[in-house]
Amino acid sequence: MPVQAFVFPGQGSQSVGMGRDLAEAFAPAREVFQEVDEALGQHLSKLMFEGPMEDLTRTDNAQPALMAVSLAVLRVLEREGGVDLRRDVALVAGHSLGEYSALAAAGALGIAQTARLLRLRGNAMQAAVPPGRGGMAALIGVGMDMARAASLCAEAATYTDEAGRAHKQVIEVANDNGGGQVVVAGEMAAIDRVIDLAKAQGVKRALKLPVSAPFHCSMMEPAAEAMREALDEATIKAPVVPVVANVTAAKVTDPATIRDLLVRQITGTVRWRESVDAMVAMGVDSFVEIGSGKVLAGLVKRINGDVATRSVGTPTDIEAYLATR
């Protein structure tokens, strides 16, 4: 029997129409979407099913929407397919907001509470930095790793003004995605400098990402404080299976530690490559992406080509997955 980890996607995996076929095919999926709609006081499911993409991509909508699709898929697997997380899955993990999906999947957070937390998280992250002041860039190529990206950031952080005075700006590693892909975040001028430096040093691709704020860096500190207050009030239970946390790349089950790690995650690096390596070291040989898109399955495969990967996000995917059990 394969040793499975269920992994949950983050921002960038959203698409107009996501979840619609699930809602049409399965009552448990409809229940999840209704619960999220009611928790937010908004027809988020209508936005997911019909768009427009511009509104769906707004971080305050994309975060709870991606969680809703992931939990709808999981609920169908449990109710229709007899999947039991405690019995069938060794570990869960999620990329950035996907960590909230993983915690909800493992019973540490309720779905309605998770939707409200992610709405707050999206709003707080958007409000932390004025529009246009910060951004993110992907550095992609053979040999690109966290150490090299950190070195480029250190060089790009400092600049000299016309009077010859040295200044320092924020530019930090945001996501270590593995497979030669690292994302950095910080002040826009520093983002421009790191792209120029990377290209000058022969990095295959260095490009700005279409995001509205510099996520997972120290500029997000106001958002971290907002989430600290919200998480202090949140009910967090011990998950039924361990969660591998973004900021430590280690498994966690203690509710107080989970609370702290979710706050640290706002400004900390998403250590996805290390998380996957840690799960493999703990015996996982099969990664199942639960929710919208196929981004994580692709990242996992680039990190470790020896493990099995699959994405389960549509009725067809669910049928194929359950047929293999």
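Which helices do the buried residues of α2 pack against? Let's start there, everyone, and keep in mind that what you see above is a predicted model.

The answer is α1 (20–25), α3 (44–50), α5 (59–81) and α8 (111–128). The residues of α2 that are buried are Pro28, Ala29, Val32, Phe33, Val36, Asp37, Ala39 and Leu40. As for the geometry of helix α2, it covers residues 27–40, so 14 residues, and at 1.5 Å a residue it should span 20 Å. Its end C-alpha atoms are indeed 20 Å apart, which agrees. Just past the end of α2, glycine 41 has a positive phi of about 60°.

Now to a charged residue on that helix. Glutamate 31 forms a salt bridge with arginine 79, at 3.1 Å from N to O. Because glutamate 31 lies in helix α2 and arginine 79 in helix α5, the pair ties together parts that are 48 residues apart in sequence. Glutamate 31 counts as partly exposed, because its relative accessibility is 37%.

Let me stay with salt bridges for a moment; the count for the model comes to 12. Another one joins arginine 58 and aspartate 60, with the closest N and O atoms 2.7 Å apart. Here arginine 58 is partly exposed at 44% relative accessibility, while aspartate 60 is buried at 10%. Salt bridges with shared partners also link Arg87, Asp88 and Arg325 into one network.

Next, a residue for the electrostatics fans: glutamate 99, in helix α7 (residues 98–105). What is the nearest side chain of opposite charge to glutamate 99? That would be arginine 121, but it is 8.0 Å away, and glutamate 99 is buried with no salt bridge. What the side chain of glutamate 99 does reach is the backbone nitrogen of asparagine 246, at 2.7 Å. Setting aside neighbours within four places in sequence, the contacts of glutamate 99 are Gly94, Val244, Ala245, Asn246, Leu262 and Gln265.

Finally, let's zoom out to the whole chain. There are 15 helices and 12 strands. A compact globule of 325 residues would have a radius of gyration near 20 Å, and this chain has 19 Å, which agrees. The C-alpha trace spans about 70 × 45 × 35 Å along its principal axes. Of the 325 residues, 56% count as buried. And among contacts between residues at least 6 apart in sequence, 72% join residues at least 24 apart.

That's my tour, thanks for listening!

Notes: Residues are numbered from 1 along each chain as its sequence is written. This is a predicted model: local features need pLDDT of at least 70, side-chain atom pairs count only at pLDDT 80 or more; totals for chains, interfaces and linings use all residues. Side-chain values use heavy atoms; hydrogens and water are left out. Helices (H or I, at least four residues) and strands (E, at least two) are DSSP runs, numbered from the N terminus. The expected span of a helix is 1.5 Å times one less than its number of residues. Buried means under 20% relative accessible area, exposed over 50%, partly exposed in between (1.4 Å probe, protein chains only). Contact means heavy atoms within 4.5 Å. Lys and Arg count as positive and Asp and Glu as negative; His and the chain ends are not counted. A salt bridge is a side-chain nitrogen of Lys or Arg within 4 Å of a carboxyl oxygen of Asp or Glu. A polar contact is a pair of N or O atoms within 3.5 Å; within protein, one must be able to donate a hydrogen and the other to accept it, and residues adjacent in sequence count only if both atoms are side-chain atoms. The radius of gyration is taken over C-alpha atoms; the globule rule is 2.2 Å times the number of residues to the power 0.38.
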